[in-house]
Each structure stands twice: as C-alpha cells, then as structure tokens.
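Visitor: Could you take me through one salt bridge in close-up, and then work outwards from there to the rest of the chain?

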Amino acid sequence: MNHRLQRVQELIKRELSDIIQRHIRFDGVIVTINEVDITPDLKQAHVFISALGGTGQTTNYQSILHKLESNRKMLQQEMSKRVVIKYTPHLHFKFDTTAERATRIFSILEELDSEGNPTGVPSESEDREDS
C-alpha cells in the first residue's frame, strides 16, 4: 500500500468519525470506526466499525448498520465538503469482528492451558512413562 493511500484512509477515518459523532445518535451505544479500507482508485471505501454498550449485541449491530446505511448519502456529502479528492468514495459499512475473534482465541488458549498441555504434544516425561 502506498503512502498516499494510507494518508487518505486516515483522513477519511478521522473526518467520518467526526461527522458520525456530530450528526447521528445511537441509543446508549458508542460507535467507533476502527479502520477504513479504500480501493486504489478511491471509489469504494469499506468502513469497519465496532460498538460498545447497549444490550442484545446482534440486534444492536443490525440496527447500527441500518442507521449508518440510511444516512450514507448524508455522510458522503458531508465528507465531500471536508475531504477534497477526485472521487468521494462510496461507503460500505461493516462490523469489525477482530475483538470478538481475539477473545474467542484467548478463551480457547486458556481452556487448553487449564487442561495442562496446551500443545497436545506429549512431553518427554510422558513418553518415558509409557515405555
């Protein structure tokens, strides 16, 4: 990835976060933008978001995505006023599941560690006892 593309991604992330914070209200949920992945032609942008708070995570995710999608045109218009580039990218909102996957991996590792042998490979002392 070239340096210009990274700068554009960071700029879009910062401006879009500010626009969302100022114009869209979520009931008891804090929505943050974790990453913006933009195509090299600057026409498409995948916006990865996460949410903290609220109840019923699945319902909240769907309602948050629906709210962002319904306000997508307004977000793009506001962003075009703030970020001057040849094309204003079409925004695609997605939930970032990195934290959930990391939590799941840690719980699996802890479960394996609590069983006593995290690798599943017999140790040398176990090999000697068998023979």
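Guide: Let's start at Lys81, which counts as exposed because its relative accessibility is 63%. Keep in mind that this is a predicted model. The side chain of Lys81 meets that of Glu78 in a salt bridge, with 3.5 Å from N to O. Both residues sit in helix H3, which covers residues 72-82, and they are 3 residues apart, about one turn of the helix.

Now look at the other end of that pair. Glu78 has a relative accessible area of 19%, so Glu78 is buried. The cut-off for buried is under 20%, and that is why a value of 19% puts Glu78 in the buried class. For Lys81, the cut-off that applies is over 50%, so 63% makes this residue exposed. The salt bridge therefore joins an exposed Lys81 to a buried Glu78.

What does Glu78 touch once residues up to four places away in sequence are set aside? The answer is Ile19 and His23.

Stay with H3 for a moment and go to residue 72, where the helix begins. Arg72 forms a salt bridge with Glu69, again between side chains, at 3.8 Å from N to O. Arg72 is buried, since its relative accessibility is 17%. Glu69 has a relative accessible area of 37%, so Glu69 is classed as partly exposed.

The charged pairs don't stop there. Searching the whole structure turns up 6 salt bridges. Arg14, Glu15, Asp18, Arg22 and Arg82 are tied together in a network of them. One of its links is Arg14 to Glu15, where the closest N and O atoms are 3.8 Å apart. Arg14 is exposed because its relative accessibility is 53%, while Glu15, at 17%, counts as buried.

On to the strands. S1 (residues 30-38) and S2 (residues 44-52) run antiparallel and are joined by 8 bridges. They make a hairpin with 5 residues between the two strands, and in that turn Leu42 has a positive phi of about 65°. If you want a spot to zoom in on, Ile38 of S1 stands opposite Ala45 in S2.

Ala45 is also a handy way to cross to the next strand. Its bridge partner in S3 is Leu91, so to speak a second neighbour to look at after Ile38. S3 takes in residues 90-95, runs parallel to S2, and is held to it by 6 bridges. Further along, Ile49 has Phe95 as its bridge partner in S3.

The side chains of S3 are worth a slow rotation. They alternate along the strand: Leu91, Phe93 and Phe95 point to one face and are buried. His90, His92 and Lys94 point to the other face and are not buried. Leu91 and Phe95, then, belong to the buried face, and they are also the residues paired with Ala45 and Ile49.

After S3 comes helix H4, residues 98-114. Its geometry checks out nicely: 17 residues at 1.5 Å a residue should span 24 Å, and the end C-alpha atoms are 24 Å apart, which agrees. Past the helix you reach Gly116, whose phi is positive, near 105°.

H4 also takes part in a nonpolar surface patch, through Leu109. The patch is made by Ile105, Phe106, Ile108, Leu109 and Leu112 and covers about 460 Å². Leu109 has a relative accessible area of 48%, so Leu109 is partly exposed.

Finally, zoom all the way out. The chain has 5 helices and 3 strands, and from the N terminus the order is α-β-β-α-α-β-α-α. Of its 131 residues, 27% are buried. Among contacts with a separation of 6 or more, 59% are between residues 24 or more positions apart. The accessible surface is about 9200 Å², and 51% of that belongs to carbon and sulfur atoms.

Terms used: Residues numbered from 1 in each chain as written. Predicted model: local features only at pLDDT ≥ 70, side-chain atom pairs only at ≥ 80, totals over all residues. Heavy atoms only, no water. Helix = DSSP H or I, 4+ residues; strand = E, 2+ residues; numbered from the N terminus. Salt bridge = Lys/Arg side-chain N within 4 Å of Asp/Glu carboxyl O. Buried < 20%, exposed > 50% of the residue type's maximum accessible area, 1.4 Å probe, protein only. Patch = residues over 30% accessible without salt bridge, like charges linked within 9 Å, V, L, I, M, F, W, Y side chains within 5 Å. Areas by Shrake-Rupley, 256 points an atom, 1.4 Å probe, with all protein chains shown as cover. Expected span 1.5 Å × (residues − 1). Contact = heavy atoms within 4.5 Å.
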